[in-house]
Amino acid sequence: MRTIKIIKTNNLNNRIYQDSLKIRKIVFVKEQNVPIDLEIDNNEEIYTHYVGYDNEIPVVTARSLRTSDNSGWHIQRVATLKEYRHKGLGKQLLDYIEQQAKMNNITYLELSAQDQAQPFYLKLGYEVTSKQFLDAGIKHHNMKKTIN
């Protein structure tokens, strides 16, 4: 399994954020036909953005935000470029986010998973916590993982 270098940022004026957007536009907008105004929202600046690099090539991304109760992180926009999928890179990214969460005394992670991605999250210890719903026309379920 390849190992990626993961960098996080809260700054929208740098290469890391731009690399995150590049991956999201390819995966969500181009591949999945999510409207650009839904993919890139007005909340970009309040999230921490993560990008995983394979030999300086941005290949996987996600973003997180502290939950309203301050004890969890809500993860969104988890995306891996098609040619890098099924290589364990998404797992590396989510493991990194989980490690960062533990260092910040976070007790749980939550996310809204596309139904086709549910098996991936189940393997990582997430549990389904909601009924199915549509987001950007794609079937989702909320999922949660207790940590610490």
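Two aromatic rings of Phe, Tyr or Trp are taken as a pair when their centres lie within 6.5 Å. With that in hand, Phe120, Tyr121 and Tyr126 form one aromatic cluster. Please keep in mind that this is a predicted model. The notes below start with that cluster, then turn to two charges over rings, a residue in strand β3 and helix α3.

**Aromatic rings**

- Searching the whole structure turns up 3 aromatic pairs.
- One of them joins Phe120 to Tyr121, with 5.0 Å from centre to centre and 70° between the planes, an edge-to-face arrangement.
- Tyr121 also pairs with Tyr126: the ring centres are 5.7 Å apart and the planes stand at 80°, so this pair is edge-to-face too.
- Where do these rings sit, buried or exposed, in the case of Tyr121 and Tyr126? Both of these tyrosines are buried.
- For Tyr121 the relative accessible area is 6%, and because buried means under 20%, Tyr121 falls in that class.
- Phe120 is partly exposed, as its relative accessible area is 31%.

**Charges over rings**

- Arg63 places its charged end over the ring of Tyr47, at 3.7 Å from the ring centre.
- Lys144 does likewise with Tyr108, where the charged end is 4.2 Å from the centre of the ring.

**Thr61 in strand β3**

- Strand β3 covers residues 57-66, and Thr61 is part of it.
- Thr61 has 0% relative accessibility and therefore counts as buried.
- Which backbone oxygen does the side chain of Thr61 reach? The partner is the backbone oxygen of Tyr50, at 2.7 Å.
- Tyr50 is also among the residues in contact with Thr61 once neighbours within four places in sequence are left aside. That list includes Ser20, Ile23 and Arg24, along with Val51.
- Further contacts of Thr61 on the same list are Arg77, Val78 and Ala79, as well as Leu93.

**Helix α3**

- The contact partner Leu93 is one of the buried residues of helix α3.
- Helix α3 runs over residues 89-103, which makes 15 residues.
- From first C-alpha to last, α3 reaches 21 Å, close to the 21 Å expected at 1.5 Å a residue.
- Besides Leu93, the buried residues of α3 include Leu89, Gly90, Gln92 and Leu94. Further along, Tyr96, Ile97, Glu98, Gln100 and Ala101 are buried as well.
- An α-helix has 3.6 residues a turn, so residues three or four places apart point the same way.
- After α3 comes Asn105, which has a positive phi near 60°.

Conventions:
Residues numbered from 1 in each chain as written. Heavy atoms only, no water. Helix = DSSP H or I, 4+ residues; strand = E, 2+ residues; numbered from the N terminus. Buried < 20%, exposed > 50% of the residue type's maximum accessible area, 1.4 Å probe, protein only. Polar contact = N/O pair within 3.5 Å; in protein donor to acceptor, adjacent residues only side chain to side chain. Contact = heavy atoms within 4.5 Å. Expected span 1.5 Å × (residues − 1). Phe/Tyr/Trp six-rings, centres within 6.5 Å; stacked < 30°, edge-to-face > 60°. Lys NZ or Arg CZ within 6 Å of the ring centre and 35° of its normal.
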